[in-house]
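Please look over the structure below before reading the notes. They cover the ligand site, the metals and a few local features.

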Amino acid sequence: MTAQPESKLITLEEFIIQSQSKFPGAKGELSQLLRDIGLAAKIISREVNKAGITNILGYDGTKNVHGESVKKLDLFADQQLISALERSGITSMVISEENDGIVKLSCEGGKYIVYMDPLDGSSNIDVNVSIGSIFSIYMRDGDFDKPAKDAEALQPGNRQVAAGYVLYGSSTTLAYTTGAGVSLFTLDPSLGEFMLSDRRVEIPKHGRIYSINEGSYNSWDLGLKKYIKYCQEEDPETGRPYSARYIGSMVADIHRTLIKGGIFIYPHSKNYPEGKLRLMYECNPLGFIIEQAGGMATDGKIRVMDIEPNAIHQRTPIYIGSPENVEHVMDFLHEYEGQVG
Ligand code: AHG
Ligand code: MN
Ligand code: MN
């Protein structure tokens, strides 16, 4: 393999400038948002990497709005992202997993609304397993001269203007879309810069990996049980059995699915009748990324991004990944709909 010439290396900053110059009308506000999120991500990445050697690691003794224990790093990430968004002065409202209500920023007429999961997979922090940050950006539909109203925050995922995630893994990776494909960047720690690693990533049409918390098997619908059994059956012609992979950090599981293909599922179950994962700051942004890379994301019935939200923290089941795998599990769900077993 030949080394990439130095001149071909493109930083996130340069990429933003290049993309903006293709749209002469663009005011550069979205670019500013991405820049700010990129900076917050670098700061979070640094803290995540040294978590084990500072006292920031561990529970801070409080619970978040969902009654789950919050780690200090969740709060650190939340604060970093909120202050980055406050700095650019174009965002009026932030909705975060870590805050019960809508956080109103000082730019109350700001055009943008940002949803985020500041640290996803935080139960994995203690064991040095990959975690991530997720963000989803909407434009207000109201009058920008007036302060933003809460109701403006409840928009379906198909109205996202941009979305992305940062994965703090063996390297730190940022994935981003504005609806024209997905670009990937990798943080070069020696330069402190996100470098473009893939201008337009595409998910394989089919993959041989399934990703689900199988411990909940007994409380799944029959169609899902049958599909997972199908994945496990031996059939060399169709490349089965598939491999099971489940990290327990959605960002990391989705990133693997994006690159290698396959399917990630978090269904509804007895413990989570509406599913566990959050529509607005987990499923919609990751659904947008996967769709923009050529994949699919459904709740088992309809496209995730077409769900009309009625609450900022609402949950949804999700079936997401390579288009052929998602279509296939949907066939099973239809075939066995309403049956138990
Ligand atoms: P968070 O850490 O933001 O609360 O999210 C955890 C989520 C998600 O990342 C992961 O896919 C899922 O919880 C794992 O849940 P189970 O442990 O129930 O499989
Ligand atoms: Mn999460
Ligand atoms: Mn979280």
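The briefing below goes from ligand 1 to the two metal sites, then to a helix and a strand.

This is a predicted model. Ligand 1 has 18 residues around it, and the protein covers 85% of the 470 Å² of accessible area that ligand 1 has on its own. Two manganese ions, ligand 2 and ligand 3, lie 3.8 Å apart and are bridged by Asp117.

**Ligand 1: contacts**

- Asp120, Gly121, Asn213, Tyr246 and Tyr266 come nearest to ligand 1.
- A polar side-chain atom of Tyr246 sits 2.5 Å from an oxygen atom of ligand 1.
- The side chain of Asp120 places an N or O atom 2.7 Å from an oxygen atom of ligand 1.
- Ser122 uses its backbone: an N or O atom there is 2.9 Å from an oxygen atom of ligand 1.
- With these contacts in view, the cover over ligand 1 comes to 85% of its 470 Å².

**Ligand 1: make-up of the shell**

- Strands β5 (112–120) and β13 (263–266) are the elements that give two or more residues to the shell.
- Strand β5 supplies the largest share, three residues.
- Seven residues of the shell are charged, six are nonpolar and five are polar.
- Domain 1 (12–198) and domain 2 (209–335) each contribute at least three residues to the shell.

**Manganese ion, ligand 2**

- Asp117 (OD), Asp120 (OD) and Glu282 (OE) coordinate this ion at 1.9 to 2.2 Å.
- Along the sequence, these donor residues are spaced D-x2-D-x161-E.
- Asp120 thus appears twice in this briefing: as a donor to ligand 2, and as a side-chain contact of ligand 1 at 2.7 Å.
- Asp120 has 5% relative accessibility, so it counts as buried.

**Manganese ion, ligand 3**

- The protein donors here are Glu97 (OE), Asp117 (OD) and Leu119 (O), at 2.1 to 2.3 Å from the ion.
- Their spacing along the chain is E-x19-D-x1-L.
- Glu97 lies in the loop between β3 (91–96) and β4 (103–104), and Leu119 lies in strand β5; the two are 22 residues apart and link distant parts of the chain.
- Glu97 counts as buried because its relative accessibility is 6%.
- Leu119 is also buried, with a relative accessible area of 1%.

**The shared donor**

- Which residue coordinates both manganese ions? Asp117 does, and the ions are 3.8 Å apart.
- Asp117 has 0% relative accessibility, so it counts as buried.

**Helix α6**

- Helix α6 spans residues 279–292 and is mostly covered, with twelve of its 14 residues buried.
- The buried residues of α6 include Leu279, Met280, Tyr281, Cys283, Leu286, Phe288, Ile289 and Ile290.
- Glu282 is another buried residue of α6, and its OE donor coordinates ligand 2.
- Just after α6, Gly294 adopts a positive phi of about 100°.

**Strand β6**

- Ser133 belongs to strand β6, residues 131–139.
- Is Ser133 buried or exposed? Ser133 is buried, because its relative accessible area is 4% and the cut-off for buried is under 20%.
- The side chains of Ser133 and Tyr168 make a polar contact at 2.7 Å.

Key. Residues numbered from 1 in each chain as written. Chains lettered and ligands numbered in written order. Predicted model: local features only at pLDDT ≥ 70, side-chain atom pairs only at ≥ 80, totals over all residues. Heavy atoms only, no water. Near = heavy atom within 4 Å. Polar contact = N/O pair within 3.5 Å; in protein donor to acceptor, adjacent residues only side chain to side chain. Areas by Shrake-Rupley, 256 points an atom, 1.4 Å probe, with all protein chains shown as cover. Helix = DSSP H or I, 4+ residues; strand = E, 2+ residues; numbered from the N terminus. Nonpolar A, V, L, I, M, F, W, Y, C, P; charged D, E, K, R; others polar. Domains from an automatic or database assignment. Donors = N, O, S within 2.8 Å, 3.2 Å for Na, K, Ca; no water. Buried < 20%, exposed > 50% of the residue type's maximum accessible area, 1.4 Å probe, protein only.
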